[in-house]
Each structure stands twice: as structure tokens, then as C-alpha cells.
Amino acid sequence: MTESRDILIGIDAGTSVIKAVAFDLGGRQIAVASVLNHYTIGRDGSARQSLAQTWDDCARALRDLGAKVDGLARRTAALAVTAQGDGTWLVGAGNRPVTDAWLWLDARAAPSVRRLVRSPLERQRFERTGTGLNTCQQGAQMAHMDATSPELLDGAQVALHCKDWLYLNLTGVRATDPSEASFTFGDFRTRAYDDTVIESLGLTHRRSLLPEIVEGTQTTHPLSEEAASATGLLAGTPVSLGYVDMVMTALGAGVHAGGAPAACSTVGSTGVHTRAVPATDVMLNAEGTGYVIALPIPGIVTQVQTNMAATLNIDWALRMAGDLLAEMGCETSHADLVGRIEGWMERSQPGALLYHPYISDTGERGPFVNADARADFIGLSANHRFPDLLRAVVEGLGLAARDCYAAMGELPGELRLTGGAARSKALRAVLSACVEAPVRVSAREEAGAAGAAMMAAVAVGAYPTMDACIAEWVTPLLGEAEAPNADLVRTYRGLFPAYAEARRALVPVWSQLAREREAASLPVQAEPEHTEQTLLAAISAERSA
């Protein structure tokens, strides 16, 4: 690494935005470029994304970054890539796509999940992966393809994830990382593939599709000539394959910083709730839900519960308000409505209503898995108004976070927050009180890209260990702790048992509604494109871009 190579690039290819972020070697963010992602939601529950378009958008983001940073190509010491998790990106001969990617939003594998969870090997699969089976995951999707569209797998030579596809285009190397490999097809203790897990999914005969596992803090591959031409960077630049975006974001936001017994929640379109623990201390719940995802630190993993929809619930409520105003000739922007959230929260009573935030058409996956789960309000009276409904939606996100952390053991001693919605004072207060822990917000603007770039920093020797990198890149950016409001703590502590009891009692109701939908052949309503391009997360991301 020459003296002039003073920049690390982190690529974070999210569900809605692909970002390329430049950092100096000490972790200071220099510039960011972003390109909108594109995917299609089908009436059959599909969620598809073009592989070729995804690479083109990634290359464009890197070129745009080069236009913002003088001498970016010659100054780049290394780059690393992370991306949206789960999903299935099939690649065939000549490294050409077999079909559009199946995203984590895709619901088509639900029948196969229902079949696979009855397997006699299911508990063994869960205890090795630490991960509950759901429609988002590559294992379930490949099993469904094998049962319904085997020609897709027949035409593939390798099954990748989004970041793996980008890594292939950057380096020409077919590989995946230890995090997605182990929570999908392996053992989180060994960070390697596991025969029993693969057998439990009925995919032993498809094992040849699983790529090599590469540890990105130890191994890099050079940027190819073709990728250099497409991105404007120099051929031969070291490229590190990051871990899945959930843990890269948690790493960048402080899930393993300062030695505190902390946890990290990312409040975006999905709610991701993580806590870092030694692999030997993982608590696997009886329900068989959640994820165990390796961190790029020896012996340390994250326990993760992800509620399928977080800010999507708030987006829904705001769209309802916007639609009504539009019908009366009063046009308003999403940003205008977002700006009113704090005022609506102040004009409403805490704990007056219950709301379960299961707004996604794919149901829920954390801390329970049920593709039929749907959102609801409980306790409505004629006196309630829109601010009360909106508060209930926000409180539903807080109670869902508590539900997720309770499934992983004791509630955390401190909660670090990331995601654009964490910029909302009202939302922070609700989350803090629901989890009964002080919250700290990282000043890191692009935590996912930073987490990936940190792996590259260790890989090229800028830091001897990840802990040393965390001490400079993460810990100094953690804000002051905000203590939970005692009155809100009492309110939500009393409300949570009803929240949990109600969602268990509603299971047969959800099932009946699902049967009625199927009998009536009601089409799945399409969620809007770029769903993360909403609420405070999108506004902040696009302003910084």
C-alpha cells in the first residue's frame, strides 16, 4: 500500500439504493454517491431484480463517486462490498444470469417453507444455522425452485447473493462470505457448510451450486480489467467481500464497541435487532426463529431477530393521510407528512391503542414466522383520531423490537440505533422505553458501507485487528446516551403482555383470512418500488448523496 493510497471504498447495495462511499484510512467519510435500485413486485408474490441492471447501477455509483473525489482511482487502497441479504441470484455459463434474482421480499417459497419446517431434520438444521426458516432465504427459495421450476437450477452453475454477484463482477471470482453461508447452509460455530443442513432442505443434489466461502478480512481479489473499465478504478485494486448488510450496518453502528453489553437496532423498511455475543453463548429459542450471523471477528456472532416491516408501517399511515388530502384537492408531499410526525406524537396519549406492525404481504419472520400474519389495531373508540393511530403504529414498532429482544434472552443494557428513522426524537423515546434501555445514535452516516470498508481496512493491513479498527472508526462516533422516560417505561411494560397475547390469539384469524383470500383469488397488492426511499431514512440518504 503506497503512501498515496489513502482511501477505502465501501459499497452498500440496499433494496432501494446502491451506494458507494469513500472513507479515509481513519474512518472519516469523504463522499457518497448513490443510484436508485430497481425491482418488480408481482401479483404472484414475486419480487424480482435484474442482475445485469444491478451491476450497471453499482458501476455507475462508483463512477459517480470518482467524479466527486479527486484522484479516486489512484488513491484507493481497497474496496469492499456488502448488500441486501437473503434472496437467490443464479448465475450460469460465462457468468451470465440465469433469470432475474429472487429478492428477500419474494413470497413464492411459502408452500415450501410450510413443507420444510415439518422435516424431521428441521430442529437439527435450526440448531446448526441458528436461523429460522422463512421465505426470504436462499435455501427455502432454492428448494421451491427445485420443486416447481427445476430448469432454473439446472441452468445454473452457482447460486449467489446480491453482494456475491457484485463481487463476481468486480473480480471474476465466484464466492460468498461466512455470514450468509453459515446462516443459510452451514453451522455458525464452524462458519462452514453443513451436510445435515443441506439435506434438511432437500438440496444435497444441488450442493455443487454453493460457492467457495471467502473471509474478506483475510483474503482479497484484484479488481479485474473489465471492472476497472466499467467503474473508473484501477485494475488490480484489492477487493474485499463483505458480510451481509445487516451485520455490516450493526458493526458500523457499534454493536461490538466499547465493551458495553449493547445491542443495535436498524429501523428502516425492515426492523433489524442485533446483539453481539460469543458463539458459545448463543441462546436458541424453542420456536426456532431468528438468525445467528457471524461478525468478522473471531468467535463473535450476532443474534438477530428481524421484524419484516418497520417504517413500511409508518409509510402506509402517511400514504393514507396523503391520499385523503389529495382527494380533497390538497396536495402534500411525503416529506411534509414526515415533518408532522413529532407534532402528532405530542398530541396523542401513550399506550391508548395496540398495533401489530405486520403490514407486509409476506407476513412476519421475527420473533415468529407466519406468512399469514397481518397488521391490526386493537382498542379503537370513537374518540380516537389520526394522531392516535399514528402513535399506535410507532409504538407497535417499539413493542415489536421488545418482542424480538425478549426472544434472544434478557433485554439489552444499552441500545445503539441506526437507520434514518433513528433521527426522530419521538421514535427514539418510544424504542428506548419499550426496550427499557438508554439509546445512543451513531454519528456514522453510512454504517453499512463503513462496516464493509472496515473489513477492507483490516484486509490490507491498515489495522491489525477488527477491534483496533472499531476503536477508531466506531466508538468515537457514538452519541450521548438518552435515558428512557420512566413514565413511558411503565406504560409499555404494562402494555407488552397484551401485545404478545393478542398476536398469539390472532393466529387462527390470520389463517382464516388467508384461506378467504386464496378462495377469492385476491391479487397480492404491490408494495411500492424503492420502499426504503421513504420516511426519514430516504430523506437523509438522498440529501447526503
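A charge sits over a ring if NZ of Lys or CZ of Arg is within 6 Å of the ring centre and within 35 degrees of the ring normal. With that in hand, let us start the tour of this predicted model.

**View 1. Two arginines sit over aromatic faces.** In the first close-up, Arg-108 lies over the face of Trp-102, and the distance to the ring centre is 3.7 Å. A second example involves Arg-402, which is placed over the face of Phe-496 at 5.1 Å from the ring centre. Trp-102 also falls within strand S8 (101–102), an edge strand that we will meet again in View 6.

**View 2. Trp-316, Tyr-355 and Phe-377 make up one aromatic cluster.** Searching the whole structure turns up nine aromatic pairs. One of them joins Trp-316 to Phe-377, with 6.3 Å from centre to centre and 35° between the planes, a tilted arrangement. This pair links distant parts of the chain: Trp-316 belongs to helix H12 (residues 311–327) and Phe-377 to strand S21 (residues 376–378), 61 residues apart. Phe-377 has another ring for company, that of Tyr-355: the two centres are 4.8 Å apart and the planes stand at 45°, so this pair is tilted as well. Here too distant parts of the chain are linked, with Tyr-355 in strand S20 (residues 354–356) and Phe-377 in strand S21, 22 residues apart.

How buried or exposed is each member of the cluster? Trp-316 has 27% relative accessibility and counts as partly exposed. Phe-377, at 25%, is also partly exposed. Tyr-355 counts as buried because its relative accessibility is 2%, and buried means under 20%.

**View 3. Asp-315 is a buried residue of helix H12.** Stay with helix H12 for a moment, since Asp-315 is found there too. Its relative accessibility is 1%, so Asp-315 counts as buried. For a sense of scale, try picking out Val-197 as well: from C-alpha to C-alpha, Asp-315 and Val-197 are 37 Å apart in space, and 118 residues separate them in sequence.

**View 4. A threonine in a loop meets a tryptophan.** Where along the chain is Thr-15 found? Thr-15 belongs to the loop between strand S1 (7–13) and strand S2 (17–24). With a relative accessibility of 5%, Thr-15 counts as buried. Its side chain makes a polar contact with the side chain of Trp-104, at 2.9 Å.

**View 5. Strand S6 pairs with S1 and with S15.** Strand S6 covers residues 76–83 and is mostly covered, as eight of its eight residues are buried. S1 and S6 pair in the parallel sense, and seven bridges connect them. To find your way between these two strands, look for Ile-9, whose bridge partner in S6 is Leu-79. S6 also runs parallel to strand S15 (residues 238–241), joined to it by three bridges. A handy landmark here is Ala-80, with Ser-240 in S15 as its bridge partner. As a general reminder while you look along these strands, side chains in a regular strand alternate between the two faces of the sheet.

**View 6. Three strands form an open antiparallel sheet.** The order of the strands is S4-S5-S8, and the pairing is antiparallel. Strand S4 (40–41) and strand S8 (101–102) are the edge strands, each pairing on one side only. S4 runs antiparallel to strand S5 (residues 47–49), and two bridges join them. Look for Thr-40, which stands opposite Arg-48 in S5.

**View 7. Six strands form an open mixed sheet.** Read across the sheet, the order is S18-S19-S17-S16-S22-S23, and the pairing is mixed. Which strands stand at the edges? They are strand S18 (291–294) and strand S23 (439–441); each has a single partner strand, so one side of each is left without a neighbour in the sheet. From one strand to the next, the twist averages 30°. At the S23 end, three bridges join that strand to strand S22 (residues 414–418), and the two run parallel. Leu-417 is a good place to start, as it stands opposite Val-441 in S23.

Methods: Residues are numbered from 1 along each chain as its sequence is written. This is a predicted model: local features need pLDDT of at least 70, side-chain atom pairs count only at pLDDT 80 or more; totals for chains, interfaces and linings use all residues. Side-chain values use heavy atoms; hydrogens and water are left out. Rings of Phe, Tyr and Trp (its six-membered ring) pair if their centres lie within 6.5 Å; planes under 30 degrees apart count as stacked, over 60 as edge-to-face and the rest as tilted. Helices (H or I, at least four residues) and strands (E, at least two) are DSSP runs, numbered from the N terminus. Buried means under 20% relative accessible area, exposed over 50%, partly exposed in between (1.4 Å probe, protein chains only). A polar contact is a pair of N or O atoms within 3.5 Å; within protein, one must be able to donate a hydrogen and the other to accept it, and residues adjacent in sequence count only if both atoms are side-chain atoms. Two strands pair if DSSP finds at least two bridges between them. Axes are lines fitted to C-alpha atoms, for helices over the stretch in contact, and angles run from 0 to 180 degrees between N-to-C directions.
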